[in-house]
Structures are given as C-alpha cells and as structure tokens.
Amino acid sequence: SGSVVCKTTPAFLDVEALAFRYVETILGALLDSRPPPAILPGVMVRINGLQGAPELNGKQGMCVEAAGDNGRCVVGLSSRQTMSVKAENLTAINAPAVCAGASGGGCGGCKPCAP
C-alpha cells in the first residue's frame with residue numbers, strides 16, 4: 001500500500017530479471033577468476049561497425065545477455081527485436097564502473113579506477 005510501482009507489472013519484472021542477470025554475470029566472472037565482461041545485462045549500448053547490417057550502425061539498444069563463449073551479446077532494440085552482436089561492435093553508453101583490480105572489488109577506488 002502506498003507504493004507507486006506494482007511489482008507484478010511486466011515492466012517491473014523485466015527490470016528485475018535484468019538486475020539478476022547483471023549480478024549473476026559479475027558473480028560468475030568472480031567465481032571463475034576472470035574479469036567481468038565489458039558489456040553487462042541492463043547496459044545501454046550503441047551498435048557500430050556492422051558490415052552485414054550497416055543500417056543498424058548508430059542504433060541504440062540494451063544488452064539483455066552478456067557475451068557468451070561465442071563472444072556475442074544479445075541486444076534488445078527499441079523495435080522489440082533482439083539480435084546477437086559481437087561485443088566488439090558495441091559501445092556502452094551508461095555502463096557503471098566495474099573494476100577487476102588486484103583487490104577484486106567493484107570500483108571502490110582501486111588503482112585502475114582511482115581518479
């Protein structure tokens with residue numbers, strides 16, 4: 001009661017699922033002792049450098065699945081279309097700073113991320 005957001009709406013559930021995928025991706029990388037991917041679920045991206053579909057270059061979307069073994073991220077476009085794009089063809093627009101420095105922490109001022 002008194003809540004502005006209904007936690008059963010499709011939009012809320014979509015955001016909640018992306019948040020879980022984001023955390024699972026980071027935790028998976030930490031548990032496997034590898035750096036987290038540069039593009040994480042929930043991050044807005046700009047598509048660039050596509051040769052097979054140049055009309056999509058410059059378009060913005062949201063990463064809905066981080067790059068797997070094939071090096072591709074699943075990106076959702078505003079047209080509701082999803083596509084598999086090589087991570088190297090994506091530029092993060094609103095990515096939070098995640099650092100895999102020697103401390104293994106996520107941007108708590110570690111040397112690579114310190115101002």
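**Note on the cysteines, sheet, core and Thr-25**

1. The sulfur of Cys-63 has its closest cysteine sulfur in Cys-73, at 4.5 Å, which is too far for a bond. The model is a predicted one, and the distance should be read as a value computed from that model. Seen from the other residue, the sulfur of Cys-73 likewise has the sulfur of Cys-63 as its closest cysteine partner, at 4.5 Å. Because a disulfide is taken as a pair of cysteine sulfur atoms within 2.5 Å, the pair does not qualify at 4.5 Å, and a search of the whole structure finds zero disulfides.

2. Are these two cysteines buried or exposed? Cys-63 counts as buried, since its relative accessibility is 0%, and Cys-73 also counts as buried, with a relative accessibility of 1%.

3. Turning to the sheet, five strands are arranged as an open sheet in the order S4-S3-S2-S1-S5, with antiparallel pairing. The edges are formed by S4 and by strand S5 (90-92), each of which pairs on one side only. On average, and with direction ignored, neighbouring strands of this sheet are turned by 45° against each other.

4. At one end of that order, S1 and S5 run antiparallel and are joined by three bridges. Arg-46 stands opposite Thr-91, a residue of S5. Strands of a sheet pair through backbone hydrogen bonds, either parallel or antiparallel.

5. The largest nonpolar core has 17 residues, of which Leu-50, Val-75, Met-83 and Leu-90 touch the most other members. Two or more residues of this core come from each of H1, strand S1 (44-47), strand S3 (72-77) and strand S4 (82-86), and the largest share, three residues, is contributed by S3. In soluble globular proteins, nonpolar side chains tend to be buried together.

6. Which residues does Leu-90 touch, once those up to four places away in sequence are left out? The contacts of Leu-90 are Ile-39, Val-45, Arg-46, Ile-47, Asn-48, Cys-73, Val-75 and Val-85. This list includes Val-75, another of the core residues that touch the most other members, as well as Cys-73, the residue discussed above for its sulfur distance of 4.5 Å to Cys-63.

7. A last point concerns Thr-25, which belongs to helix H1 (residues 10-31). Thr-25 is buried, because its relative accessible area is 18% and the cut-off for burial is under 20%. A polar atom of the Thr-25 side chain lies 2.7 Å from the backbone oxygen of Arg-21. With residues up to four places away in sequence not counted, Thr-25 touches Pro-37, Leu-40, Pro-41 and Ala-66.

Definitions and conventions:
Residues numbered from 1 in each chain as written. Predicted model: local features only at pLDDT ≥ 70, side-chain atom pairs only at ≥ 80, totals over all residues. Heavy atoms only, no water. Helix = DSSP H or I, 4+ residues; strand = E, 2+ residues; numbered from the N terminus. Buried < 20%, exposed > 50% of the residue type's maximum accessible area, 1.4 Å probe, protein only. Polar contact = N/O pair within 3.5 Å; in protein donor to acceptor, adjacent residues only side chain to side chain. Contact = heavy atoms within 4.5 Å. Core = buried A, V, L, I, M, F, W, Y, C linked by side-chain atoms within 4.5 Å. Pairing = 2+ DSSP bridges. Axes fitted to C-alpha atoms, helices over the stretch in contact; angles between N-to-C directions.
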